[in-house]
Amino acid sequence: MSSGFGLNGGRNRCFTFFQEFMKCYTQADTREECRLQFEDYQECLYHRKERAREKKERYDRVLSQWPIKLAASKSKGRHVVAKHDLEAGTTVISDTGTSFALFKYFTDELCLRCLRTLPIRKHTHVCKGCAKQTYYCSQPCQDADSLRHAFECAAVRQLPGISGMHSVDYALLRLLVGVLAQKALEEEQTKVFAAVSEASASPTSFVFVRELLAHRNACKKEWLEAVTKAAEDLREDAGVERSVDELVTLACQINSNSHGVTDANVAPRGEQKQTDENEERSASKKDKKESRESGKGLLGSGGGAPSVSSNTTIGVGMFPLASMLNHSCIPNCSYVVESVYTGLEQDEMRGAAAVRMVVRTNRAVKEGEELCLSYVDLMLPKQERRFELLKSKNFWCNCERCEATISLESTPSDSSEELITNARTAAEIDLFLNAIVCARCRVDVYVPVVHEDPNEPYNCRHCLHELPKSIHDTFQENAAREVESAFEFMGAGQAALAASAILRYLRTYDFGSCGPNAFLFGSTPFPPQCSSADPVTADHLRFHPNHHTTFNALPVLMNCGTRAGDFRLALACSERIVGIMQRTRIHGSDGEVGGWHEYAEHALFLSELAEIRAMVIREGLESGSGADPFMVWEGSIGGIEDGDAGECEAMAVKWRERAVKSLGLVYGTEHPKTLAAAMT
């Protein structure tokens, strides 16, 4: 007891410390004189320092195999730094997740254990105990995962009803149940010792999940109420033997610390997948919408199109060790999440379902430098990134890039007479992603004047030409609506209308599509220049070539060209996409090759498009009737001359080399994806 005496009147183990503290307290003039005695007494009662030492030793022990260490500061809290200088591509940590869950619309498409694509309409290996929500590709996979799945099966059966009734995300509840199953598995060590010891990589212990921040106070009241009701049903209907408060806290920890599970070998939802028997299955409307909004899932596989597509997010997982790395919008690390059985044959697999998160440096890192990841799409403008992080991770980003500002006074002078396209500072990355080119000088862009009045105009950094805020905002909104209409057309399967909308957008809003040397439209003139006396109108304005709306629009047009066999158009769009990513220099390891998996995927796709176009040219199929299906839609795409097969082949070699180098930084040089790209 805090009095120093035991419940039965005898001396408590802390009685001596209590006496020392009281003796000092009665004789001291100030409280500070008894601080040490008070701390000793408190430590005896609560063991806070001892627990902190044990916690540090536990983390030091598990992190000792990696070139990282934990650090702490008042401004950053706990964070991860490099033990010594690290080269680009160094593996920082490989964290086998405590648990993971597939999104509901992937549960019947992927094997839960090895994440391989299931044969369509041949679901012979399915758990009937959880109402057909768990599928496997083979009996060995189902048998190997049976021990782990037994702890979650009964609860999983109730999840669709609980999720639908309370409008709580299915994947959140499935991951919550999976984490608790892993905890139960750890508590049954004597029963599962053999199975765990044979695993390819044992999952990270639940104890590390328990120590993650929950940010419960930052969660929305409506969300907490819904999760609380779902937790009550999990206890009553699903037999989960945990308190409601514990379940809600764990849900908050998952909400703040989970990471998406991606698989480059999964065909994105929103397109049709073809099996060996030429069977097809269409994605649901919800899946198509999500693919459209993510900018992925539109790459076609017909007409000789490249087979490599962007990674698809298939689920969510808990990686408590990797979660210690903080976020930055200019990160020095990249990560991939994959099955621990990637690249293994069936007879080489050991253990239950598991995924790992592998973190590698994307550039050289100095000793003591903090290691950071990105939790959001780095090509989003600053405000969108910040709101997304606030909504999904419950914090307001204050990284170097988000805190950087540009004003008319702080902008370095530039004597160039051409538009600046390469971001030279962290502030210019976001400036160019959302900027309008000056209608008068065309050398620089408009920036907001820093004033308290939100209606203050924008001014050109170079010539100080003024752009009213109302015109600026209306121009941005109209452009966004044009591109959104293209997404809607593409989602409805109207590729011709989608391409028309994007072509119209590029001609009306994109500065990079103007002039004789434009990437696509050589016949599109520059907009009329605005004199000092003329009022600015939309006809004078164009977006900076790096604008995020253009970056989001180009993949749609590229996919339209790919599907229709117009590889001139597809190649031009692909080259422009990669060019925008290079000019932003978010990772910028050397200005050409970045350790950024989106960049690697696009560079590889560009290489394959160049190879295909070279073959098309050699076969004499690029010119003549039917060679340019988009000319029917928009009259003329101009600017792309009949290609030279040799130039296309040289382009393919150049971009494949860059893609392989970038893939090596992200996935590792021995990863199947890197090796496959190098051998093609």
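This is a short tour of cysteines, charged pairs and two unusual backbone angles in a predicted model.

**Stop 1: the disulfides**

Start by showing the cysteine side chains. The disulfide count comes to 2. Select C14 and C44, whose sulfur atoms sit 2.1 Å apart in a disulfide. This pair links distant parts of the chain, with C14 in the segment before α1 (15-27) and C44 in helix α2 (residues 35-46), 30 residues apart. Put a dihedral on the S-S bond and you will find -95 degrees, a left-handed link. Are these two cysteines buried or exposed? C14 is buried at 1% relative accessibility, and C44 is buried as well, with a relative accessible area of 11%.

Next, select C24 and C34, which a disulfide joins with an S to S distance of 2.2 Å. C24 belongs to helix α1 and C34 to the loop between α1 and α2, so this bond ties together parts that are 10 residues apart in sequence. The torsion about the S-S bond of C24 and C34 is about -95 degrees, so this disulfide is left-handed. Relative accessibility is 3% for C34, which counts as buried, and C24 is buried with a relative accessible area of 14%. If you number the bonded cysteines in sequence order, the pairing reads 1-4, 2-3.

**Stop 2: cysteines without a bond**

Now move to C111, which is in no disulfide; the nearest cysteine sulfur belongs to C114 and is 3.6 Å away. C111 has 0% relative accessibility and counts as buried.

Then pick C441. Why is there no bond between C441 and C460? Their sulfurs are 3.6 Å apart, too far for a bond, because a disulfide needs the two sulfur atoms within 2.5 Å. C441 counts as buried at 18% relative accessibility.

**Stop 3: salt bridges**

Switch the display to charged side chains. Side chains of opposite charge can pair when their charged atoms come close. Searching the whole structure turns up 26 salt bridges, and three of them make good stops here.

Select D145 and R148 in helix α4, where they lie 3 residues apart, about one turn of the helix. Their closest N and O atoms are 2.8 Å apart, forming a salt bridge, and both residues are buried. Widen the selection to include E152 and R174: together with D145 and R148, they are linked in a network of salt bridges.

Follow helix α6 to K183 and E187, which are 4 residues apart, or about one helical turn. They form a salt bridge with closest N and O atoms 2.6 Å apart. K183 is buried, with a relative accessible area of 12%.

For the last pair, select E369 and R363, whose side chains meet in a salt bridge at 2.7 Å, N to O. E369 is partly exposed at 23% relative accessibility, and R363 is partly exposed with a relative accessible area of 27%.

**Stop 4: two positive phi angles**

Finish with the backbone. Select L115, in the loop between β4 (99-102) and α4 (139-150). What is its phi? L115 has a positive phi of about 65 degrees, although it is not a glycine. The residue counts as buried at 3% relative accessibility.

Your final selection is S167, in the loop between α5 (153-166) and α6 (170-187). Phi of S167 is also positive, near 55 degrees, in a residue other than glycine. At 68% relative accessibility, S167 counts as exposed.

Terms used. Residues numbered from 1 in each chain as written. Predicted model: local features only at pLDDT ≥ 70, side-chain atom pairs only at ≥ 80, totals over all residues. Heavy atoms only, no water. Buried < 20%, exposed > 50% of the residue type's maximum accessible area, 1.4 Å probe, protein only. Salt bridge = Lys/Arg side-chain N within 4 Å of Asp/Glu carboxyl O.
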